Amino acid sequence: MVFSYFHGTSTIFLDSIRKHGLGAVNPNIEFKNLEVLKFLFATCEHHIPNNSKHQHLRDTTKAMVHQGIHKLVDEKGKKLYNYYRHDGIFVSLSKIRAAIYSVTNKYGSEILERCILHYEILIEEKVEFKIPPEIDLFNFRQYIEVETKPIMVKIVSVPDKNLETEDGKPASDTLNFLRRSIPSMSQKDKFERFQFYNFKLLTPIPVEQLKFYEIEYEGSPGQKKFEIMLCGI
């Protein structure tokens, strides 16, 4: 069984992906966006630790800064783990999961999104600071007022050996388990299961193997009536 994979982003990154392929450029590392977030987060922690907006974002942003795991418990008491790794480009088995990421991250990147949010908090609080020029390579401020649209990238197929799980293990064991299990799954089980499987690309995907869609949607992520429509571009 050959799986298709999906990546959610925004129009900010569309031209770059179309030019270089998916995974060839990682702005979090190559343009030091993660370093910028570390700086902005530390500045908030130092100057305005009790700001309510900063406090609301604190735990998840801290997990991003440390590239760790954010643990939480849902309303049913089930433990959930969110992996915050940005050392590569991640893809999902679930079209809906990729769409939710794209729709909830206006800028198509949660690191870029958090940079802008923490920057705006500091400006609102009139904190004086200067981002070191050696890490300010992406000039994220140019995108604050940009009108963006959610984008989905479909990867037709990827060899198992070119993927790893979110916790850094080879993807083949997980994917082979799914191949054995899918025949006995209901459509509902398959839909729900697939939302939990995300993988890191170990090699870039050439643009010839990619399909691009603009995401139209109704409702809000997390609601039963959240529906997506994909328009090829």
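This report describes the overall build of the protein chain, its aromatic pairs and two loop residues with unusual backbone angles, all from a predicted model.

**Overall build**

The protein chain contains 8 helices and 9 strands, and its C-alpha trace extends over about 60 × 45 × 35 Å along the principal axes. For 233 residues, a compact globule would be expected to have a radius of gyration near 17 Å, and the value of 18 Å found for the protein chain agrees with that expectation. Among contacts with a separation of 6 or more, 73% join residues that lie 24 or more positions apart in the protein chain.

Of the 233 residues, 45% are buried, while the protein chain as a whole exposes about 13,100 Å², with carbon and sulfur atoms supplying 50% of that area. The protein chain carries 32 positive and 30 negative charges, and the mean positions of these two sets are 5 Å apart.

**Aromatic residues**

The structure holds 8 aromatic pairs. One of them is formed by Y217 and F226, whose rings are 6.0 Å apart centre to centre, with 55 degrees between the planes, and the pair is therefore classed as tilted. The two partners can also be described by their accessibility: F226 has a relative accessible area of 10% and is buried because this value is under 20%, whereas Y217, at 38%, counts as partly exposed. Elsewhere in the description of aromatic residues, F13, F31, F138 and Y143 form one aromatic cluster.

**Two loop residues with positive phi**

K126 is placed in the loop between α6 (110-124) and β5 (150-155), and N139 also lies in the loop between α6 and β5. Neither name belongs to a glycine, yet phi is positive in K126, at about 60 degrees, and in N139, where phi is near 50 degrees. As for accessibility, K126 counts as exposed because its relative accessibility of 71% is over 50%, while N139, with a relative accessible area of 33%, is partly exposed.

The table gathers the relative accessible areas of the four residues discussed individually.

| Residue | Relative accessible area | Class |
|---|---|---|
| Y217 | 38% | partly exposed |
| F226 | 10% | buried |
| K126 | 71% | exposed |
| N139 | 33% | partly exposed |

Conventions. Residues numbered from 1 in each chain as written. Predicted model: local features only at pLDDT ≥ 70, side-chain atom pairs only at ≥ 80, totals over all residues. Heavy atoms only, no water. Helix = DSSP H or I, 4+ residues; strand = E, 2+ residues; numbered from the N terminus. Rg over C-alpha atoms; globule rule 2.2 N^0.38 Å. Buried < 20%, exposed > 50% of the residue type's maximum accessible area, 1.4 Å probe, protein only. Contact = heavy atoms within 4.5 Å. Areas by Shrake-Rupley, 256 points an atom, 1.4 Å probe, with all protein chains shown as cover. Lys, Arg positive; Asp, Glu negative; His and termini not counted. Charge placed at Lys NZ, Arg CZ, Asp CG, Glu CD. Phe/Tyr/Trp six-rings, centres within 6.5 Å; stacked < 30°, edge-to-face > 60°.
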